[in-house]
Amino acid sequence: MFSLPYVAQQVVNGLTLGSIYALVAIGLTIVYGILRLINFAHGDLLMVGAYLALALLLNTALPLGAAVLLPMIVVGGVGVLVERLAYRPLRGAPEVAMLITSLAVSSVIQNGTIMTLSAQPRAFRLPQGLIAQHQVGVVSFSTLDAVSVALAVGLMALLTLFVTRTRVGIAMRACAENLRAARLMGININQVIAYAFAIGSALAAAAGFMWAGRFGSIEPFMGFLPGLKAFVAAVIGGIGSIPGAMLGGYLLGFAEIFFVGFLPPELSGYRDAFVFALLLLVLLVRPRGLLATGVEREG
Amino acid sequence: MLLEVENLSVYYDSIQALKGISLQVDSGELVTIVGSNGAGKTTTLLTISGILRPRRGTVCFQGQDITRLAPHEIVRRGISHCPEGRQIFTGLTVLENLLMGAYHRQDRDQMARDLVWVQDLFPVLAARRRQLAGTLSGGEQQMLAIARALMSRPKVLLLDEPSLGLAPMLVDTIFEVIQQLRAQGVTILLVEQNAYQALRIADRAYVLETGVIKLSGPVQELARNEEVKKAYLGG
């Protein structure tokens, strides 16, 4: 009933969408792991990354790599700044105070963008090189698809090396498990938290480029949906767990694409409802997510 | 004096947990704080480590006021804290836990020697370096917690209830290690509910009752005190 190339196309779509969700979910999960903060402003950093990338593509002759890398660096810095200005003063306050603050930060970033750049959507035109289509057997994909997946996998491999091989990375896992014990061991938690925000925000910026390239236009509220979906992905995987965020991201990407691609077209309007139904289902079976570590932290 | 706590008052919201306590620890000493549950023993250690902030009073270390320093600064100065309930990082390997204990250190050679040192103290850890700490038994986890705290090469080791929840044989092992450490010149401030064992190995003791120091002195004196006998040594 479905041709093989069609199925292959859906798999490619699932992989690229899943890569984006996974990258955004990682940022949410590492911050949540340490601070127990659900950072609603995270998706907006994806938007900032996309705008920066567009500005570089339009106004400079920098190589494509720079249009991905520079926004990652800048947005990483923005993430650190947001933590320093908005979240750190609330350290020790009830979790709900930080949650509401993150909503406020999200609003500030969105409206700041509208005030300075207008609410008009802008076309995100990719350089010719990225649009080229390739055919390998039954699989057809664009250069952007290939670059997105390769970049996401590469970044996740780097992150895995970071949290298993470096002092700060191991400390990040220690902080996520027991913040007080980490402080007693002499770990400077402010430094570790800054790293978490820098890394998470940089990954969101990379995802912003992929998202913008995939949909061809950007606007100030574009971060909301991927932010929300990535949150679902993180919860499905077990929030706080980095492998969980990766797994949840790809699961959600595939589930969403397959839902739209293989079910009757009348149903595709229910795509987002399906995503949340999936979340409910996973939580019913595994209330703490698929890869939850089972370690509960005391207040 | 190496460590000097003066007139420390600590509150949890409006409840006063420490009511102006003072204590000293001199270099090379093994000092213990005994007292029942809720007397303020853990609160005292957490305040020294900078996790809790006192409303009044000071903590001085090597003559410097450290009362307002961040916990990681306090570790850097030479105070290491082995917390109550072990609180090892169960999702990290044994080796990673030990490395976290040495987080601020840059002296790689000496660190490598200290890794050997703590694994000599606790040979079981050497055999399990690559294992996740959560897979260790309770006694092994306590040994890891002490070893981890030692990895910062502390000038003072704060030990909070190291015998809590351990089988009697393991309690003996832990107390033997504490004596061994003391013989190696590590200064120790030990908090214990097991007053019998603590008074047996310490030089001096403070008896803490509901946030107030009731008695203090050399352990031989305290062990003869009728009140102490009745309250903590089972008559």
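Start at the interface of chain A and chain B in this predicted model, where one salt bridge turns up. To see it, select B:E96 and A:R173: their closest N and O atoms are 3.0 Å apart. Now look for polar contacts between chain A and chain B; there are seven residue pairs, both partners at pLDDT 80 or more.

Next, colour the side of chain A that touches chain B. Helix 7 (167-177), helix 8 (179-184) and helix 9 (189-215) of chain A each give two or more residues to it, and helix 7 of chain A brings the largest share, seven residues. Sorted by class, that side of chain A has 11 nonpolar, five polar and six charged residues.

Zoom out to take in both partners: 22 residues of chain A are in contact with 20 residues of chain B. Together the chains bury about 2100 Å², with 60% of it on carbon and sulfur atoms. Pick out A:R167, A:L184 and A:M185, which lose the most area to chain B, together 34% of what the chain A side buries.

Now hide chain A and split chain B into domain 1 (1-78 + 157-235) and domain 2 (86-153). Their C-alpha centres lie 23 Å apart. Show the contacts and you'll get 15 residues of domain 1 against 13 of domain 2.

Don't hunt for salt bridges between these two domains of chain B, as the count is zero; one residue pair is in polar contact there. On the domain 1 side, select helix 2 (71-77), strand 7 (156-160) and helix 7 (168-183) of chain B, each giving two or more residues. Helix 7 of chain B supplies the largest share, six residues.

Note on methods. Residues numbered from 1 in each chain as written. Chains lettered and ligands numbered in written order. Predicted model: local features only at pLDDT ≥ 70, side-chain atom pairs only at ≥ 80, totals over all residues. Heavy atoms only, no water. Domains from an automatic or database assignment. Contact = heavy atoms within 4.5 Å. Salt bridge = Lys/Arg side-chain N within 4 Å of Asp/Glu carboxyl O. Polar contact = N/O pair within 3.5 Å; in protein donor to acceptor, adjacent residues only side chain to side chain. Helix = DSSP H or I, 4+ residues; strand = E, 2+ residues; numbered from the N terminus. Buried area = accessible area lost by both parts, 1.4 Å probe. Nonpolar A, V, L, I, M, F, W, Y, C, P; charged D, E, K, R; others polar.
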